[in-house]
Amino acid sequence: MSQTTLDSLEWLSGNWQHSHRDLLFTEQWNYSPDRTSLIGNGIAYKNEKIMSQEDMRIEIVEGVLHYIVTVKNHNENRAIPFRLTNATTNSVTFENLEHDFPPKIEYTLINNVS
């Protein structure tokens with residue numbers, strides 16, 4: 001994992017979508033202009049109504065990749081960091097076991113639609 005770099009997460013760039021029960025989650029990820037971080041934004045919808053919005057970034061903090069999320073109108077709008085715990089060529093896991101929900105964030109490339 002120490003060899004996991006931001007460039008190794010190139011597959012994360014683009015649009016993501018996930019459905020769970022009656023919620024639809026969408027995310028969009030792009031590299032920052034200087035390519036020092038991946039910048040994302042996410043929206044959760046229920047019956048086409050926005051239920052929550054979040055700003056995310058993945059960047060190196062103290063030599064380790066971190067997923068950092070700020071959920072609008074939650075946690076006093078403070079960012080919550082998740083440390084990289086596992087990475088493969090098509091998946092990545094970040095954890096913050098001190099965070100109540102969720103303690104783990106995972107992405108897996110299942111179907112690369114271009």
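How do the residues of the lining of the largest pocket divide into nonpolar, polar and charged? In this predicted model, the split is 20 nonpolar, 16 polar and five charged. Around that pocket there are two hairpins to look at, β3 with β4 and β4 with β5, plus six salt bridges found across the whole structure.

**The largest pocket**

- The largest pocket holds about 1400 Å³ of space.
- Its lining takes in 41 residues, and the ones nearest the centre are H18, F25, E27, E54 and Y107.
- Strands supply a good part of the wall: β1, β2, β3, β4, β5, β6 (80-87) and β8 (104-108) each give two or more residues to the lining of the largest pocket.
- β1 gives the most, with six residues.

**Two hairpins that share β4**

- Start with β3 (residues 37-46) and β4 (residues 49-61): these strands run antiparallel and are joined by ten bridges.
- Two residues sit between β3 and β4 in their hairpin, and N47 in that turn has a positive phi of about 50°.
- On its other pairing, β4 runs antiparallel to β5 (residues 64-71), this time with eight bridges.
- The β4-β5 hairpin also has two residues between its strands, and here E62 is the turn residue with a positive phi of about 50°.
- D55 is a handy place to read across the strands: N41 has D55 as its bridge partner in β4, and D55 in turn stands opposite T70 in β5.
- As background for reading these strands, side chains in a regular strand alternate between the two faces of the sheet.

**Salt bridge E10-R35**

- Side chains of opposite charge can pair when their charged atoms come close.
- E10 and R35 do this through their side chains, in a salt bridge of 3.2 Å from N to O.
- Because E10 lies in the segment before β1 (14-20) and R35 in the loop between β2 (23-31) and β3, the pair ties together parts that are 25 residues apart in sequence.
- Both ends count as partly exposed, E10 at 43% relative accessibility and R35 at 40%.

**Salt bridge K46-D22**

- The side chains of K46 and D22 meet in another salt bridge, at 3.4 Å from N to O.
- K46 belongs to strand β3 and D22 to the loop between β1 and β2, so this pair links parts that are 24 residues apart in sequence.
- K46 is partly exposed at 31% relative accessibility, and D22 is partly exposed too, with a relative accessible area of 43%.

**Salt bridge R78-E76 and a shared network**

- R78 pairs with E76 in a salt bridge whose closest N and O atoms are 3.1 Å apart.
- Are these two partners buried, partly exposed or exposed? R78 counts as partly exposed at 45% relative accessibility, whereas E76 counts as exposed because its value is 66%, with the cut-off for exposed set at over 50%.
- Beyond single pairs, D7, E10 and R35 belong to one network, joined by salt bridges that share partners.

Note on methods: Residues are numbered from 1 along each chain as its sequence is written. This is a predicted model: local features need pLDDT of at least 70, side-chain atom pairs count only at pLDDT 80 or more; totals for chains, interfaces and linings use all residues. Side-chain values use heavy atoms; hydrogens and water are left out. Two strands pair if DSSP finds at least two bridges between them. Helices (H or I, at least four residues) and strands (E, at least two) are DSSP runs, numbered from the N terminus. A salt bridge is a side-chain nitrogen of Lys or Arg within 4 Å of a carboxyl oxygen of Asp or Glu. Buried means under 20% relative accessible area, exposed over 50%, partly exposed in between (1.4 Å probe, protein chains only). On a 1 Å grid over the protein atoms alone, a cavity is a set of points where a 1.4 Å probe fits but cannot get out, and a pocket is an open set with protein on both sides within 12 Å along at least five of seven lines; lining residues have an atom within 4 Å of a point. Grid points are joined across faces, edges and corners, and a volume is the space filled by probe spheres set on the points. Ala, Val, Leu, Ile, Met, Phe, Trp, Tyr, Cys and Pro count as nonpolar, Asp, Glu, Lys and Arg as charged, and the others, Gly among them, as polar.
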